[in-house]
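Open the model in your viewer and keep the selection tool at hand. The stops below are in a suggested order.

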Amino acid sequence: MPHTHDSMGVFELVLKLRKTVLLVGVLILAFAAALYVAAGMGGQISVSVSMGGWLLAPPDPPHRAQPVMTQEQEADEERYHRPSKAPALENTYEYAESGTPATFELPEQVVDAYYGVLREASNLAGYSGGCGTVGYSDLPYPIAYSYLSKAYQKRLPYKVFLNSFAGVGHTTELKRYAAYAPPGTPDTRRYYMVEIETIEGEKQNDPQENPVHFSYHYGIVAVEKEGEREGESENWKIADIAYIPEDFLCAPYHSWFYDASAVAGIVYQENLKLFDMVDSVTREGDFTEVEGSGAGGQYKLQFVRLTNGYDILLHEYKRENGSWAETSLLPPDWQYLKLTPDRAAKATGR
């Protein structure tokens with residue numbers, strides 16, 4: 001039957017085509033997955049620029065476990081699901097048309113000046129929000145850019161810097177604390193953990209997709225002294241910025257890595273065997289401190305709590321000669337738990 005034979009031929013051809021399309025699809029998905037894994041594990045791939053810094057993907061823990069609910073979490077559901085009631089960092093720096101500070105004696109001053117100047121900066125071209133001009137529009141951006149080191153400016157040209165603030169109408173510095181400095185860090189370089197809040201406008205061509213909203217990021221700011229080698233007076237400058245967006249829908253539904261008590265018990269006690277027991281958990285202001293003891297001695301972990309309720313590990317200490325000495329306790333496969341300059345550098349391929 002010729003008709004049947006032709007039909008079977010077409011059917012076989014369709015099957016071959018479908019198999020080919022399926023194979024191509026699998027290859028594409030595999031390639032995309034490889035890129036995703038590379039990004040999560042610090043692979044050297046391109047990184048987006050946002051608000052003058054490198055935008056990193058949130059940690060994607062390789063250690064999976066059931067969610068852990070502590071007594072504090074059960075008593076405080078708002079910890080994860082609403083913005084914090086904590087006040088913003090008291091920052092006396094601001095943009096002024098009459099001039100802003102250009103030199104700084106202390107490294108943290110340039111960080112505060114940077115965010116103080118950005119507070120009233122807005123880049124809303126193509127976006128809408130407010131009832132007219134928002135803040136000082138784009139006038140503060142050149143001043144903020146001048147606080148970046150020459151090396152950072154070379155990697156981040158001004159046009160890219162300016163465009164990275166697209167849609168941002170207001171910036172508030174919420175937190176700024178000293179971060180872990182790896183061994184061998186010179187006195188002319190410092191690291192700070194920061195958390196910022198931004199108000200972002202809606203896209204004019206599609207306001208329903210992205211209405212005016214608040215957004216939160218935390219990250220690392222590197223500061224270094226610049227000028228001595230160029231024959232100029234020394235001055236603190238921002239050498240690098242890396243941000244991680246905050247997620248309000250992950251905790252407490254998934255895993256446990258967002259809670260200081262759970263990290264101490266699961267990682268330092270059950271897995272690394274550094275703690276035989278957790279001696280105390282104390283919370284004061286933005287910080288949660290966990291002390292533990294074991295055969296190797298006494299230890300202290302310091303976490304900072306973000307707006308989304310996450311406890312982020314900043315410092316690890318071991319008691320030596322009656323005082324706490326900063327150290328690094330986590331092996332490589334657990335280091336995603338700690339906010340460090342190395343983590344930011346690996347993620348951005350530097």
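The tour goes from a sheet to a helix residue, then to aromatic rings and charges.

The model is predicted: local features need pLDDT of at least 70 and side-chain atom pairs count only at pLDDT 80 or more, while totals for chains, interfaces and linings use all residues. Residues are numbered from 1 along each chain as its sequence is written, and side-chain values use heavy atoms, with hydrogens and water left out.

**The sheet**

Select strands 9 to 13, which form an open antiparallel sheet in the order 9-10-11-12-13. Strands (E, at least two residues) and helices (H or I, at least four) are DSSP runs, numbered from the N terminus; two strands pair if DSSP finds at least two bridges between them. Strand 9 (277-284) and strand 13 (323-327) are the edges: each has a single partner strand, so one side of each has no neighbour in the sheet. From one strand to the next the twist averages 30°, with axes fitted as lines to C-alpha atoms and angles running from 0 to 180 degrees between N-to-C directions.

Next, show strand 12 (residues 311-320), which pairs with strand 13 in the antiparallel sense over five bridges. Opposite E316 you will find T327 of strand 13.

**Helix 8**

Select G265, in helix 8 (residues 260-271). Is G265 buried or exposed? Its relative accessibility is 14%, so G265 counts as buried (buried is under 20% relative accessible area, exposed over 50%, partly exposed in between; 1.4 Å probe, protein chains only). Now add V278: it is 13 residues from G265 in sequence, and the C-alpha atoms are 7.1 Å apart.

**Aromatic rings**

Rings of Phe, Tyr and Trp (its six-membered ring) pair if their centres lie within 6.5 Å; planes under 30 degrees apart count as stacked, over 60 as edge-to-face and the rest as tilted. The count comes to 19 aromatic pairs. One of them is F161 with F165, edge-to-face at 5.1 Å between centres and 70° between planes. Both F161 and F165 are buried. Widen the selection to Y141, Y145 and Y158, which form one aromatic cluster with F161 and F165.

Then select Y268 and F275, whose ring centres are 5.5 Å apart with planes at 25°, so this pair is stacked. Y268 is buried at 0% relative accessible area, and F275 is buried at 2%.

**Charges over rings**

Finish with R319, over the face of W324 at 4.3 Å from the ring centre, and K338, over the face of Y180 at 3.9 Å from the ring centre. A charge sits over a ring if NZ of Lys or CZ of Arg is within 6 Å of the ring centre and within 35 degrees of the ring normal.
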